[in-house]
Amino acid sequence: MQDSFVELLKLLLPEIIVNYFELTSYKKTEEKLHLYLKEISSIPKEYRQNKLSSKGFFDEITVQDFPIRRHQVYLHITSRRWLNEDTGKVVFRDWNLVADGTRVTQEFASFLKEINRFQA
């Protein structure tokens, strides 16, 4: 059942979101669908050689996505941050690196830009 649920989410959300975030909850009203997504605990590939410790999450951001069946869709996204114990700096996944070499729509590129705006 879990695999078919993930496959269904891939039809509704960008695959990068499905690969790096888990759906923690949702709320549906007559006109709106709110999806709450939390970044999974996987160390960004550019920091795998460093010693990282989890330092919680950034504040939630909300991004409006494409409507689904006459419902406005809002993605409530919570991204992780880590402490790089080698440098003492807080680090996070660089969404531009994740999307590098992939073909994304302009809308999804704007979505990635929005995530980076809140993390900088």
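Two strands count as paired if DSSP finds at least two bridges between them. The exercises below apply this to a predicted model.

**Exercise 1.** Determine which residue of β6 is the bridge partner of Ser54, and place that contact within its sheet.

*Solution.* Begin with the strands concerned: β3 and β6 are joined by four bridges and run in the antiparallel sense. Within this pairing, the partner of Ser54 in β6 is Trp82. Next, widen the view to the sheet, which is open, antiparallel in its pairing and built from three strands in the order β3-β6-β7. Its edge strands are β3, covering 52-57, and β7, covering 89-91, each of which pairs on one side only. From one strand to the next, the twist averages 35°.

**Exercise 2.** Describe how β6 and β7 are connected, and state which residue in the turn has a positive phi.

*Solution.* Take the pairing as the starting point: strand β6, residues 80-84, is joined to β7 by three bridges, and the two run antiparallel. Two of the partnerships can be named, since Leu83 has Val90 as its bridge partner in β7, while Asn84 has Lys89. The two strands form a hairpin with four residues between them, and in its turn Gly88 has a positive phi of about 80°. Finally, consider the faces of β6. In a regular strand, side chains alternate between the two faces of the sheet. In β6 the covered face holds Arg80, Trp82 and Asn84, whereas Arg81 and Leu83 make up the uncovered one.

**Exercise 3.** Work out which strands pair with β5, in what sense, and how many residues of β5 are buried.

*Solution.* First consider β2, which pairs with β5 in the parallel sense over seven bridges; here Lys38 stands opposite Thr78 in β5. Then consider β4, which is joined to β5 by six bridges and runs antiparallel to that strand; in this case Thr62 stands opposite His76 in β5. The hairpin of β4 and β5 has two residues between the strands, and Arg69 in this hairpin takes a positive phi near 45°. As for burial, strand β5 spans residues 71-78 and is mostly covered, with seven of its eight residues buried.

**Exercise 4.** Find how many salt bridges the whole structure contains, and locate the partners of each.

*Solution.* The search of the whole structure returns two salt bridges. Side chains of opposite charge can pair when their charged atoms come close. In one of these, Arg93 pairs with Glu39, and their closest N and O atoms are 2.3 Å apart. This contact links distant parts of the chain, as Arg93 belongs to the loop between β7 and α3 and Glu39 to strand β2, residues 32-39, at a separation of 54 residues. Both Arg93 and Glu39 are buried.

The side chains of Lys51 and Glu85 also meet in a salt bridge, with an N to O distance of 3.6 Å. Because Lys51 lies in the loop between β2 and β3 and Glu85 in the loop between β6 and β7, the pair ties together parts that are 34 residues apart in sequence. To classify these side chains, recall that exposed means over 50% relative accessible area. Lys51, at 54% relative accessibility, therefore counts as exposed, whereas Glu85, with a relative accessible area of 39%, is partly exposed.

**Exercise 5.** Classify the geometry of the pair formed by the rings of Phe58 and Phe92, and state where each residue lies.

*Solution.* The count comes to one aromatic pair. The ring centres of Phe58 and Phe92 are 5.3 Å apart and the planes stand at 85°; planes over 60 degrees apart count as edge-to-face, so this pair is edge-to-face. It links distant parts of the chain, with Phe58 in the loop between β3 and β4 (61-68) and Phe92 in the loop between β7 and α3 (95-99), 34 residues apart. At 16% relative accessibility Phe58 counts as buried, while Phe92, with a relative accessible area of 25%, is partly exposed.

**Exercise 6.** Identify the residues that form a nonpolar patch on the surface together with Leu12, and classify the exposure of Leu12.

*Solution.* The patch consists of Leu8, Leu11 and Leu12, which together have about 320 Å² of accessible area. Leu12 is situated in helix α1, residues 2-12. Its relative accessibility is 41%, so Leu12 counts as partly exposed.

Definitions and conventions
Residues numbered from 1 in each chain as written. Predicted model: local features only at pLDDT ≥ 70, side-chain atom pairs only at ≥ 80, totals over all residues. Heavy atoms only, no water. Axes fitted to C-alpha atoms, helices over the stretch in contact; angles between N-to-C directions. Patch = residues over 30% accessible without salt bridge, like charges linked within 9 Å, V, L, I, M, F, W, Y side chains within 5 Å. Areas by Shrake-Rupley, 256 points an atom, 1.4 Å probe, with all protein chains shown as cover. Salt bridge = Lys/Arg side-chain N within 4 Å of Asp/Glu carboxyl O. Buried < 20%, exposed > 50% of the residue type's maximum accessible area, 1.4 Å probe, protein only. Phe/Tyr/Trp six-rings, centres within 6.5 Å; stacked < 30°, edge-to-face > 60°.
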